[in-house]
Each structure stands twice: as structure tokens, then as C-alpha cells.
Amino acid sequence: MPTELERQLEHRFGLREVSCRHLNTPVNDVFAVASSIGTFALKLYHANRTAADVQWEIGLVRHVADDGAPVAPPVAARGEHLHRFSTTAGRRLGVLFEWAPGEKPAPARDTYALLGRAAARTHRAADTFRTSLAREVYDETTLIDEQLARMRPQLAAVGRWQQTVDLGERLKRAMADSELDRGVCHMDLTLDNVHRLGDELTVFDFDSAGECWRAIEPNGVLRLSKAYFDAWLEGYREVRRFGASDERVVHAFAVIGDLRVVAWQLGVAESSRGPPLLETADLAEIVDRWLAWEMARG
């Protein structure tokens, strides 16, 4: 027998022979939706996302898809992309997306070159995105001050609060370069959020997207491997300029980006759910790692 969610998809989207498989995603509930006409991805949004938030994301993804960026677009039903689904946890905002072809790629130099190219194509398309809907802007306050404030009790408990505040001030100075490029970013453009089929990557999950410094986009790639970062840069620069100032400051964004990740893993971010993945005691080693990275790359 179809589940209630499967029945709603059949009714709203006219799908047949529907089966849903939960993908165990960490923030939103995402399902692979198999049907007689193909596979889709259903994203049910976490409680802190409003209808306006989701409409902003839909508008962005549709815009960049229309401009040729390699993204998985939303699917409309009866002229609407945003729907409310009844679940055991109550009513949830949801969007059905086309399934990104291929599968999650393994780390490799050519994969990161493709990822850089996909980032550039998405940034280029997003430069002309206009909307009246509000969206969070990532600045030094949201990226540094708010993250540290969320972690203050835990940082204080391990005796690292002031040390981390001082680090935050140094990171802010690195971000103060007027030459840095700003615009809409994906904000979580990792291999977890792309599929690869041959020499094509398709990007999905723009839930965290917003205006930021473009140099934040490859911060996780640099943390992983300098060779992979060089490949990312080559791919990006085939499509769009990534300036020398942007390249230099990625090392600072490697720490800045990790602040958000660690706050989420501690369970203190707005989108955190479930038991924390980090304990307070883990923070001392994490702060040491941030300081060592700063010293080695500064």
C-alpha cells in the first residue's frame, strides 16, 4: 500500500507507481522518489525555513537553471513549486526537484576541476538574479560573531573563548579587502551536493545559499587538499574570473567556514537537529587546529 506521502505525490504531481526512500540527510528530510516516469528528489524543509525562504531558493534555482548553470531544477504541479505536505511530524513545506543524473563522485583532481567549473557557471548565472524576497546576507557578523556567540558556553568551558574571539578579529581583517568578489553563493558546494555523470556535474540543495564572499565557496576544498584546490581554481577560471585577492583569502575562509560547521555539529545552530555530533571537550583540539591552520597559511 502507498504511504501517505506517496499518495500526496501521486495526487499533486500526477505520478504513478510512486515509492519514496529517505536519504538520511542531516538538516532537511530528502527522499528519492521513484515513479513510472522517472526519479525525483523531494525535499521537506526544516522548521526554521519559511515559505518566503523556500520561494527565494526556488526563484534562484530556476533562474540559474534557465541561464545554463548545471543545477537540478524544481518541478511544478498546477503551476506551483512550493507545496505543504502532511507528515507524522505535522505540515511541512516541500519542493519536488528533478533528480540529478549520475551519483556522488569520489574525490579526484578532475572531479574538483568540474566542481570549480560548476561553481563558476552558477555564480555567473546568479549575478543577474533579482527578487523582492528577503534572504540572509552572510557578512562578518553572521559568519563569525554569531557563530562564536552560539559556541561561547562551550568555548568558555574549555578555556578557549578569548583565544577564539581574538582569532575572529584577525579573520575579519582578512575579509576587509575591497577587491574581494561578492554575490550569491551556494554555501555548501561539496561533493555531498553534486552528482557526476561522465564529465558533467549537477548541483543541488541550495538551502544555505545567500550573498557572501565568493572566496568562501572552495574553502572545504582547500582544507582537503592543495592539489584539489588548484584543480578547482583551474576549472573556475575556465568560466569566470577568480582574482588574486580572492585566492589569497580562501585560507581564512577555511576557518570561517568551519565555524558554521562546528556550531552545527555542537547542536547550537538554528538548523541543528538530533544529538550533537561533537562534545564540548572536542573544542580544545578544534581551536588548536584553527590556530595551526592560520599560522601555516597566514
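The legends below walk through several close-up views of this structure, which is a predicted model.

**Figure 1. Helices α4 and α8 cross each other.** Here we look at helix α4, residues 140–157, and helix α8, residues 244–266. Their axes come within 10 Å and cross at roughly 35 degrees, and the crossing is left-handed. On the α4 side, the contact is made by L143, I144, Q147, L148 and M151. On the α8 side, look for F253, I256, L259, R260, V262, A263 and L266. What classes of residue make up this contact of α4 with α8? Ten are nonpolar, one is polar and one is charged.

**Figure 2. Q154 is a buried residue of helix α4.** Staying with α4, this view turns to Q154, which lies in that helix. Is Q154 buried or exposed? Q154 has a relative accessible area of 15%, so it counts as buried. Leaving aside neighbours within four places in sequence, Q154 is in contact with V268, T280 and L283.

**Figure 3. Q265 of helix α8 meets a later part of the chain.** Q265 has its place in helix α8. Its relative accessibility is 23%, and Q265 therefore counts as partly exposed. Try finding P276, which is eleven residues away from Q265 along the chain: the C-alpha atoms of the two are separated by 5.6 Å. Which residues does Q265 contact, once neighbours within four places in sequence are left aside? They are P276, L277 and L278.

**Figure 4. The largest cavity has Q265 in its lining.** Two cavities of 30 Å³ or more are found in the structure, and this view shows the largest, with a volume of about 40 Å³. W264, Q265 and G267 belong to its lining, together with S272, R273, G274, P275, P276 and L277. P276 and L277 were met in the previous view as contacts of Q265. By class, the lining of this largest cavity divides into four nonpolar, four polar and one charged.

**Figure 5. The second largest cavity is lined by residues including three from α3.** Its volume is about 40 Å³. The residues around the second largest cavity are L60, T122, H123, A126, V184, C185, H186, F206 and E217. Which elements each supply at least two residues of this lining? They are α3, residues 109–126, and β6, residues 182–185. The contribution of α3, three residues, is the most that is given to the lining of this cavity. Five of the lining residues of the second largest cavity are nonpolar, three are polar and one is charged.

**Figure 6. The second largest pocket draws on a helix and two strands.** About 200 Å³ of space lies in the second largest pocket. How many residues line this pocket? There are 13, and L5, F31, S86, T87 and T88 lie nearest its centre. Two or more lining residues come from each of α1 (4–13), β2 (29–35) and β4 (83–87). The largest share, three residues, comes from α1. Sorted by class, the lining of this pocket has five nonpolar, five polar and three charged residues.

**Figure 7. E17 and M187 each have a positive phi without being glycine.** For E17, phi is near 55 degrees. E17 sits in the loop between α1 and β1, where β1 covers residues 19–22. With 63% relative accessibility, E17 counts as exposed, because exposed means over 50%. For M187, phi is about 80 degrees. The place of M187 is in the loop between β6 and β7, with β7 at residues 194–197. Is M187 buried or exposed? At 10% relative accessibility M187 counts as buried, because buried means under 20%.

**Figure 8. L222 is a buried residue of helix α6.** Helix α6 covers residues 219–224, and L222 lies in it. L222 has a relative accessible area of 8%, so it counts as buried. Not counting residues up to four places away in sequence, L222 touches F229, V250, H251 and W293. To link this view with the opening one, find F253, a residue of α8 that takes part in the contact with α4. How far apart are L222 and F253, C-alpha to C-alpha? They are 9.6 Å apart in space and 31 residues apart in sequence.

Definitions and conventions. Residues numbered from 1 in each chain as written. Predicted model: local features only at pLDDT ≥ 70, side-chain atom pairs only at ≥ 80, totals over all residues. Heavy atoms only, no water. Axes fitted to C-alpha atoms, helices over the stretch in contact; angles between N-to-C directions. Helix = DSSP H or I, 4+ residues; strand = E, 2+ residues; numbered from the N terminus. Left-handed = near helix turned anticlockwise from the far one by under 90°. Contact = heavy atoms within 4.5 Å. Nonpolar A, V, L, I, M, F, W, Y, C, P; charged D, E, K, R; others polar. 1 Å grid on protein atoms, 1.4 Å probe; cavity = no way out; pocket = protein on both sides within 12 Å on 5 of 7 lines; lining within 4 Å. Points joined across faces, edges and corners; volume = space filled by probe spheres on them. Buried < 20%, exposed > 50% of the residue type's maximum accessible area, 1.4 Å probe, protein only.
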